[in-house]
Amino acid sequence: MKKTKTLVLFFLFLNGVPSNSKNDQVEHFRLGDRIYLTRTLKGIFGKASEPIINQGIFNQFHIFGAPCDPYSQHLKPTEKGYSAEGGYQRCHNKFFLEYRTPILIPSSPLRSGAMIKTCEQLVDCSDCLEHALKKAQVEKNAFNISKGGKKLYRLFYPFRSEEEWENLLRSFKENQNYWDPKKTLRLFCISEGWQTL
Amino acid sequence: MKRNRRDFLKLNAAFFAFNPVSFLSKHLCDFSSMFCPHDGLSHYVLFNLAGAPQRWSYDLSLQPLAEMPYSPNEMLVTSFADKTFQSSKEISFENKKVKVDKYLMPHLWSLPINENVLPEGKLSSLLDNAIIIRGCRRGIDGHAINNRRIVAPDPTKPSLTGLIADKSDSNLMVGMTGSEYSPTTTQLGAYRSQRGNPISIINKHAYNYFHELFDNFINEGSSAQAQDEITEAILKKQELMNPSALKNRTKAKKIIALNLNKLKGEYFQRLEKYQKIIKSCQMDRTLEGLTNQRIPGLERERLKKGSGQENFSYFFMKYFFIAEPDIRDTLENMQLLGLAQQFALTEFLLIQNLSNCISIDLPQPENLGFTEGYRLSHFNTKKNNFNKQAKLEPIHYWHEKKFRFDSHNHGLIPHHLYTNIFYYVFTNCLIELRKTLESESPDLFKRSLFHITSEFDREPRYDLMGSEHGYNGQTNTFISGSIKKLNIIGNIYVKSKSSFFPNSGTWGEGAPIKELNGRSLVYGNIATSVSEVMGVPSPTPKDPSLLKLKDGELVTKITELKNINNS
């Protein structure tokens, strides 16, 4: 009887081991969609960043997700005629594909590539960089990773604990002189933690 | 109570006793590929003939063996007659065939390979690596639904292309539009991945497909392109990235590290090569049975003498009747929008191992050089003659100058000429792709599966004014280096049962197969076949596969090939 029990438990254990089969891998965390990313980044980098973010993130609905809503579009009379209005939800381009895009799309190489490029462009844009530093109240010429880094960190991670920042700071301090506002901002921008819902 | 518990334990023990086999096979597979059943082929390229052109002069052999019964139809032709046409009245056709291995294939395969591809050889050399499955019944009519079902036979499950993209560790799932249909109504719109891999759909009007696809990985003038090690270390250490994001970031960085700006040159070289091949193919005036003789358009004299006996329908082109002195001249500026870019990008992605799943909607011939013609409104279809108002009129304002693959209203001449010239161009591009894969990357062609298909085949019209949807027949052609010789399977009816017309001949309507217990082929069989060959779960597991990999060779599981006489 004991032997049978052991045997049963053994096989039950084996079947509990998760499979590594590639087709079984489905991500369980959720990443923010293009609207969330666009609003967050525009908030940090200001109005000058709009063309970069629109091009790099907002128009890439197939990578970042969030379908448009054809019903939220309306025409607004202007001096030159009519212009389509409707904010983020309206269908901007490639109409049919845009409104059929999934609500949430997980991480992919395309997304990583788009984030790397957009973040690099954002920190290379002097007005955008200035806006972010001003918003975080960071002095460009007297940058200190302990104080300035924390302020920039809070732009992207406003709700993370003090302890998490302290952990991060220890790693920053290993190469303290390396970090300037541009590199620090780029790092936080590329990181995916703030995009996770 | 105790007894029940004991029984339960016994049952459990018996049930799980069988499980070590599945457990071990599942987990040992991760240690070594020796223990895996098979990984399947690695690269899948879907060539979707969206619009469903006729296939009977290309890969659908209606009478593959001479002794098979066959019912003719005037539209089921494969070649212009081998004589000089002094006037449009003399134009006639033949149903020529060429023997490839043991099968009789349409005449097109006997044409020479374009000199820009290979100095010598015939198109039929491609068939050495082909398996053709004919007579797959789609059951319902409609372009959009049948095209989407090519990759999503069960719409509740991930698509075939999604499953294949999920299997891969390579980076991109790429789709290219080309047809007249919106991507949402073709297989591109039916793409769905289980793991959420997005598809990059490149629009046929994009000026530069390379830039369209890799735009996210090229950041010209950026000082930070090569991400430094210190930044990387922090990203890894502090869990600012979750594990799968890090993996994807590594993949993205690999693509960036390729320095695509430099590789752009390589892409343009490939593009130039395909552009040259396509231009040369469409300008070739030596193609026997296709472009090697003048094809006169409808002459004015015939209109006056018009009687019910004349074949005016030969010249019908949707809204007008062709009246060019030589219809071949319309090919001069013919455009196959994006075809060269589609092949160049496919080749680039396969060679660089950037994608394992590419699906392409192929373009139809456009910008045909029609100058003048006779209006349809001046033609009396019942009496088969023109009225007195009929006169030669310029065509430019009448309608678009394109040949639709969905050729309901295209007479026999445009039907034959434009589909075959497209097939000639397309096959040459395929042979070039095969040649490049074989020469630039060992085994790559062997590990690749090209799938040529469409929504359905076509049923010829009795009045020679085009063809209708043959949705109870569909041809699927597979090309791979793992296929060692031509094989054709699938039964078709000699006389169509559920046709639009009573006498449409043998056009490819699917018939029951004994080896499938008397069932006809359905697309589920094709989907399972692709899944089995590619080593992914089938979206239609109840329909058995028709293909298998045996010692690295791709072979058919059934052998039945019949024309079933149902008269």
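**Exercise 1. Locate A:Ile103 and describe its surroundings on the surface.**

A:Ile103 lies in the loop between α5 (95–99) and α6 (109–124) of chain A. Helices here are DSSP runs of H or I with at least four residues, strands are runs of E with at least two, and both are numbered from the N terminus. The model is predicted: local features need pLDDT of at least 70, side-chain atom pairs count only at pLDDT 80 or more, and totals for chains, interfaces and linings use all residues. Residues are numbered from 1 along each chain as its sequence is written, chains are lettered from A and ligands numbered from 1 in the order in which they are written, and side-chain values use heavy atoms, with hydrogens and water left out.

Next, take the accessibility. A:Ile103 counts as exposed because its relative accessibility is 61%; exposed means over 50%, buried under 20%, and partly exposed in between, with a 1.4 Å probe and protein chains only.

Last, take the patch. A:Ile103 joins A:Tyr36, A:Leu104 and A:Leu197 in a nonpolar surface patch of about 390 Å². Patch residues have over 30% relative accessible area and no salt bridge; nonpolar side chains (Val, Leu, Ile, Met, Phe, Trp, Tyr) are joined within 5 Å, like charges within 9 Å.

**Exercise 2. Summarise chain A and say where its coordinates call for caution.**

Start with the elements: chain A has 10 helices and 2 strands, in the order α-α-α-α-β-β-α-α-α-α-α-α from the N terminus. Of its 197 residues, 45% count as buried.

Then turn to confidence. The mean pLDDT (the predictor's confidence in each residue, from 0 to 100) of chain A is 82, and 80% of its residues reach 70 or more. Among its elements, helix α7 (residues 126–136) has the highest mean, 95, and helix α1 (residues 2–16) the lowest, 57. Over residues 15–26 of chain A, pLDDT stays under 50. Where pLDDT is low, the predicted coordinates should not be read in detail.

**Exercise 3. Describe the setting of B:Arg302.**

B:Arg302 belongs to helix α9 (residues 300–304) of chain B. B:Arg302 is buried because its relative accessible area is 8%. Its side chain makes a polar contact of 2.6 Å with that of B:Ser88. Such a contact is a pair of N or O atoms within 3.5 Å; within protein, one must be able to donate a hydrogen and the other to accept it, and residues adjacent in sequence count only if both atoms are side-chain atoms.

**Exercise 4. Compare the settings of two salt bridges in chain B.**

A salt bridge is a side-chain nitrogen of Lys or Arg within 4 Å of a carboxyl oxygen of Asp or Glu. The whole structure has 28 of them over all chains.

Consider B:Lys96 and B:Glu288, whose closest N and O atoms are 3.3 Å apart. B:Lys96 is in the loop between β3 (93–94) and β4 (97–100), and B:Glu288 in the loop between α8 (260–283) and α9, 192 residues apart. B:Glu288 is partly exposed, at 38%.

Now consider B:Glu347 and B:Arg270, which meet at 2.5 Å, N to O. This pair links helix α10 (residues 339–351) to helix α8 of chain B across 77 residues. Both partners are buried: B:Glu347 has a relative accessible area of 0%, and B:Arg270 one of 7%.

Technical notes. Contact means heavy atoms within 4.5 Å. Accessible areas come from the Shrake-Rupley method with a 1.4 Å probe; for residues, only the protein chains shown count as cover.
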